[in-house]
Amino acid sequence: MGSPETRFEELVLPHLDAAYNMARWLTRDVHDAEDVVQDACVRALKYVDSLQGSDGRSWFLSIVRNAFYDWLARNRPSEIVHDDTAIENAIDHASPGPQQVAVRNAELRGLAAAFAELPLQYREVLLLRELEELSYKEIARVVDIPVGTVMSRLARGRALLQRSPLLREMALQSMGSES
Amino acid sequence: MKCHGAETALAAYVDGDANMLQSHSMKRHLHECSECAAAHRDLLAFRAGFRAEVPRFSAPPALRARVLAMLEASRQSAPAAMPARMPARSGRSRPGWLSGSRGSLGSKGSMGAGALVSHWQWLTGGAVAGCAATLFAWMIGTTVLDWRAGQDLVAEAVTSHVRATLGNQLIQVASSNQHTVKPWLSARLDYSPPVQDLSQEGFPLTGGRVDYLDRHPVATLVYRFRDHNIDVFVRPESSHPPPAPRTVRGFNVASAKGSGMEWIGVSDVSADVLANFVQRLAGEVPTP
């Protein structure tokens with residue numbers, strides 16, 4: 001086994017883009033994402049000797065996720081909601097309040113903006129599946145939930161996004177082109 | 001017919017998480033059940049829409065440089081101890097992002113809490129980071145012109161790829177035979193691009209077309225990887241360095257030079273798969 005730095009270079013560094021993408025979608029901010037990834041890198045270097053096997057990606061992403069939630073507790077504690085029913089209610093009566101409008105990033109439109117506004121627990125599983133192409137098992141490892149919960153959160157997240165008008169339009173087009 | 005539990009089974013099938021037996025029975029079921037077939041179409045449309053619209057962000061070069069500086073500092077500080085220093089990002093500006101959506105705190109904190117490093121400090125790492133920053137600034141200065149040209153080229157390549165995909169104009173000569181595609185392209189261009197079929201490595205050649213890039217006609221090879229299309233633009237090598245790998249509107253772009261040609265791949269497959277594939281085509285990676 002090489003030095004921690006060498007192991008980090010071999011097992012963790014190749015996944016820096018994945019880490020940044022995850023942090024970028026979780027924090028929804030360029031600079032905050034960098035802070036979270038830096039924190040995660042420091043932790044990963046410290047613990048890289050404990051990494052078994054070669055699956056550095058989900059190992060590193062779970063560290064990024066932990067770093068993010070620690071960051072969230074320090075910087076935006078109001079975003080943390082412990083009660084799942086509160087989340088469900090918030091979605092079901094989704095009227096775009098001033099807070100939600102403030103979330104909208106100028107560079108994101110349509111589906112991307114809708115995705116950025118999705119509650120964290122759906123956003124994290126969807127980004128791991130659709131953008132990082134992780135398997136259910138890998139997602140379960142990163143998020144630290146059972147595979148069954150991964151599946152139900154994916155289904156719920158997709159259902160919420162499918163309300164987006166843009167997607168509906170695309171679905172109609174694809175039906176038209178098949179006939 | 002009401003299909004109990006079919007929704008999750010269908011999602012697992014689309015996500016590639018079903019085993020062979022499950023996939024097989026799902027395929028048969030989709031032929032018989034119009035309700036599930038419609039749900040299947042919705043899921044595929046969702047995936048296509050999501051991947052086209054939601055970008056995958058790449059780590060900024062400055063972040064990468066800071067991580068490398070941290071590694072270097074850790075190497076030099078002591079073989080035994082404490083890698084926990086990283087230089088601070090300078091010029092923090094924090095846009096006042098409020099948030100409307102909520103998350104739940106699911107973290108078990110298995111990797112230790114933020115107490116480990118809650119603030120960044122300048123120590124030995126600072127000096128190294130300073131050198132790295134200077135070097136980085138110099139590199140930026142000398143390459144900025146090429147970079148600008150590369151930006152335009154990359155954006156153009158992605159636009160061509162999207163236009164071809166949407167308009168079903170992906171392929172003008174449909175053949176998996178390189179000896180058909182190569183002469184077809186040579187007859188329409190003033191150069192003859194190398195054409196390889198890499199189906200044994202999982203990248204079957206599906207055809208080619210002539211597109212426009214940088215105001216010149218360019219050979220475009222079309223490959224498939226699983227369910228993804230990969231466009232590879234091939235043109236004679238120029239004096240500019242090939243554009244750096246990037247993500248534009250969710251599509252990854254990777255390029256390489258080799259065999260006297262410049263190769264630019266555009267696809268929605270993951271960045272590392274694409275980069276390896278393009279380098280393989282350009283001959284940078286030896287044939288296994």
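Mentor: The expected span of a helix is 1.5 Å times one less than its number of residues. The structure above is a predicted model, and helix α4(A) serves as the opening case. With 20 residues, α4(A) reaches 28 Å from its first C-alpha to its last, close to the 28 Å expected at 1.5 Å a residue.

Trainee: How many residues of α4(A) are buried?

Mentor: Burial is decided by a count: a residue is buried if 20 or more other C-beta atoms lie within 10 Å of its own. In α4(A), 15 of the 20 residues are buried, and the helix is mostly covered.

Trainee: What is the secondary structure of chain A?

Mentor: Chain A comes to eleven helices and zero strands. Of its 179 residues, 46% count as buried. As for contacts in chain A with a separation of 6 or more, residues 24 or more positions apart account for 67% of them.

Trainee: What span should helix α2 of chain A have, and how far apart are its end C-alpha atoms?

Mentor: The rule applied to α4(A) serves here too. Helix α2(A), residues 16-27, has twelve residues, so at 1.5 Å a residue it should span 16 Å; its end C-alpha atoms are 16 Å apart, which agrees. After α2(A) comes Arg28(A), whose phi is positive, near 60 degrees.

Trainee: Which residues of α2(A) are buried, and what covers them?

Mentor: Eleven of the twelve residues of α2(A) are buried. Among them are Tyr20(A), Met22(A), Trp25(A) and Leu26(A), as well as Asp17(A) and Arg24(A). The cover comes from both chains: it includes α3 (30-47), α4 (56-75) and α8 (120-131) of chain A, together with α4 (61-77) and α7 (271-282) of chain B.

Trainee: With which residues is Val67(B) in contact, leaving aside its neighbours within four places in sequence?

Mentor: Val67(B) lies in helix α4 of chain B. With those neighbours left aside, Val67(B) is in contact with Leu16(A) and Cys41(A). Val67(B) counts as buried because 25 other C-beta atoms lie within 10 Å.

Trainee: At what angle do the axes of α8(A) and α10(A) cross?

Mentor: One reads the angle together with the approach of the axes. The axes of α8(A) and α10(A), residues 147-161, come within 9 Å and cross at roughly 100 degrees. Angles of 65 to 115 degrees count as roughly perpendicular, and the two helices are therefore roughly perpendicular to each other. On the side of α8(A), the contact is made by Gln121(A), Tyr122(A), Val125(A), Leu126(A) and Arg129(A); α10(A) contributes Val150(A), Arg153(A), Leu154(A), Arg156(A), Gly157(A) and Leu160(A). The contact residues divide into six nonpolar, two polar and three charged.

Trainee: Which residues of α10(A) are buried?

Mentor: The buried residues in α10(A) are Val150(A), Met151(A), Arg153(A), Leu154(A), Gly157(A), Arg158(A) and Leu161(A). As to length, α10(A) has 15 residues and should therefore span 21 Å at 1.5 Å a residue; its end C-alpha atoms are 21 Å apart, which agrees.

Trainee: What is the order of the strands in the sheet of chain B?

Mentor: A sheet is read from one edge to the other. This open sheet of seven strands has the order β1-β2-β3-β4-β7-β6-β5 (chain B), with antiparallel pairing. Its edge strands, β1 (173-174) and β5 (246-248) of chain B, each pair on one side only. At the β1(B) edge, two bridges join this strand to β2(B), residues 205-213, and Ala174(B) stands opposite Gly207(B).

Trainee: Which helix lies across β1, β2 and β3 of chain B?

Mentor: That is helix α6 of chain B, residues 178-186, which runs at about 15 degrees to β2(B). Helix α7(B) also packs on the sheet, touching β3, β4, β5, β6 and β7 of chain B, and its direction makes about 25 degrees with that of β6(B).

Trainee: How many bridges join β6(B) to β5(B), and how many to β7(B)?

Mentor: β5(B) and β6(B) pair over three bridges, whereas seven join β6(B) to β7(B). Both pairs form hairpins with two residues between the strands. In the turn from β5(B) to β6(B), Arg249(B) has a positive phi of about 50 degrees; in the hairpin of β6(B) and β7(B), Ser259(B) takes a positive phi near 55 degrees. Thr247(B) stands opposite Asn252(B), and Gly258(B) opposite Met261(B). Six of the eight residues of β6(B) are buried.

Terms used
Residues numbered from 1 in each chain as written. Chains lettered and ligands numbered in written order. Predicted model: local features only at pLDDT ≥ 70, side-chain atom pairs only at ≥ 80, totals over all residues. Helix = DSSP H or I, 4+ residues; strand = E, 2+ residues; numbered from the N terminus. Contact = placed C-beta atoms within 7 Å. Pairing = 2+ DSSP bridges. Axes fitted to C-alpha atoms, helices over the stretch in contact; angles between N-to-C directions. Parallel < 35°, antiparallel > 145°, perpendicular 65-115°, else oblique. Nonpolar A, V, L, I, M, F, W, Y, C, P; charged D, E, K, R; others polar.
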